[in-house]
Amino acid sequence: MRKILILAFLAFGFHAYTYSQVSFSDISGQSGANQIGLNYGVAIGDYNNDGLEDIFATRMEAGGNLYKNIGDENGGNPSFQNVTQAAGINPAPSAQFAIWGDVDNDGWLDLFIGARDEGNALYRNNHDGTFTEVTATAGVTTGGRVKSALFADVDMDGWLDIYVARLGWENILYRNNQDGTFTDITVQAGVTDASISMGAIFFDYDNDGDPDLYLTHDANVPNILYRNNGNADGTGVTFTNVSNLTGTNIAAMGMGVDVADINNDGWFDIYITNLGANTLLLNNGNPGGFGNYFWSTAEMAGVADLGMGWGCSFFDYDNDGWQDLYVANDSYFSPYPNLLYHNNANPSPSGVTYSIASQGTVLHSMEGGYGFGCFDMDNDGLLDIYLANYGGDVGNQLFKNEMNNSNNWLKIKAVGVESNKSGIGGKGCFENWQSQLNGRSERWQ
């Protein structure tokens, strides 16, 4: 199995069962990235390799923009510069989702954009702050009704492949041919879902070393978990639908999805936003040897938010070693705010519990929240939030994390050797090192 590292934060130090007052500030106005309009998706990545993470934000009817992180050049808080035109990026008007990944393994992040009405777009990084569109020559033009786009090395050959989830149209899996082109292997791979796809994510649910695929669906169509069969042979990688076997075939009005090991037991758990009560699926590992099984625990965990949920992300905002959760709600559609849930770090037979930590803070936004990204924009070891708001006069919001505690942190930039260069999909283990620091061992991703 290829071993790679991903960009990650790891907290060192004993966890206290009380947590500090949440401290985020809204620096949207002075950030330079306060994009107004029908904002939809957010992609975070250091495209120019200067050590600062940049933002690409999609915007319906206006394509979107690339915001270069220029640090604190203007004094005070970090700020961003709109370099879309200078970078040679011309996104389709109905662009909805974008992702960063190094598709040619040259050490520089490339950009893939999926649109609702037009085809896809792939931009190759020229290493000088500009990009060249290579969509047609790469063979990834087919798109339309895109709701999610993902990079993953599905066949473990060291090159990033592309998966595109589409609303009511057949999803597409493009295999990287390692020569600047891609091949559509959707049918032979067995991932031909043509339902009302919304969210999608690759993760290794069964800890066998290869990426599996989970899809959320709208309109009460059951979600799908595809297990990677680990049989890559040329273009021969295949997947098997294990939704019923694993208990992941949730039928709701599913939107966003994210995964994390919320109870630090070494297995990835799943959170799904819905129109109505959200879902948390706890991964029980391999009970009785009959395959991994998930069970629903959102109400017991205290994260069954009832809003019009869209984006969601696990992240450790206070560096205590436990995964917290932020949920974006379209408060124009349903009058529920965005929520930050703090992980109470009390694993029990029912998993863990969470407490709402955003009440009375800027994170309790009542805008039309859709996508967002969690990232350390100023390299201070604290994860900040960039939120895309769909409509309204406020525009996108940038929330700076100003937590002040004694918890330590470690930041790692992945450089794949046998794996894909950007390390997407990697996981590692610090048991021996961490056990010397805090008396316990944990896995991280």
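**Close-up views of a predicted model**

**View 1. A loop residue, Leu 275, joins a surface patch.** Leu 275 sits in the loop between strand 20 (269–274) and strand 21 (276–283). Strands here are DSSP runs (E, at least two residues), numbered from the N terminus. This is a predicted model: local features need pLDDT of at least 70, side-chain atom pairs count only at pLDDT 80 or more, and totals for chains, interfaces and linings use all residues. Residues are numbered from 1 along each chain as its sequence is written, and side-chain values use heavy atoms, without hydrogens and water. Leu 275 is partly exposed, at a relative accessible area of 34% (buried is under 20%, exposed over 50%, partly exposed in between; 1.4 Å probe, protein chains only). With Met 253 and Phe 333, Leu 275 forms a nonpolar surface patch of about 270 Å² accessible area together. Patch residues have over 30% relative accessible area and no salt bridge (Lys or Arg side-chain nitrogen within 4 Å of an Asp or Glu carboxyl oxygen); nonpolar side chains are joined within 5 Å.

**View 2. Four strands make an open antiparallel sheet.** The order is 7-8-9-10. Strand 7 (95–101) and strand 10 (131–133) are the edges; each has a single partner strand, so one side of each lacks a neighbour in the sheet. Pairing requires at least two DSSP bridges.

**View 3. Strand 8 meets strand 9.** Residues 110–115 and 121–125 pair in the antiparallel sense over three bridges. Ile 113 stands opposite Ala 121 of strand 9.

**View 4. The protein chain as a whole.** Buried residues are 59% of the 445 residues.

Key. Patch = residues over 30% accessible without salt bridge, like charges linked within 9 Å, V, L, I, M, F, W, Y side chains within 5 Å. Areas by Shrake-Rupley, 256 points an atom, 1.4 Å probe, with all protein chains shown as cover.
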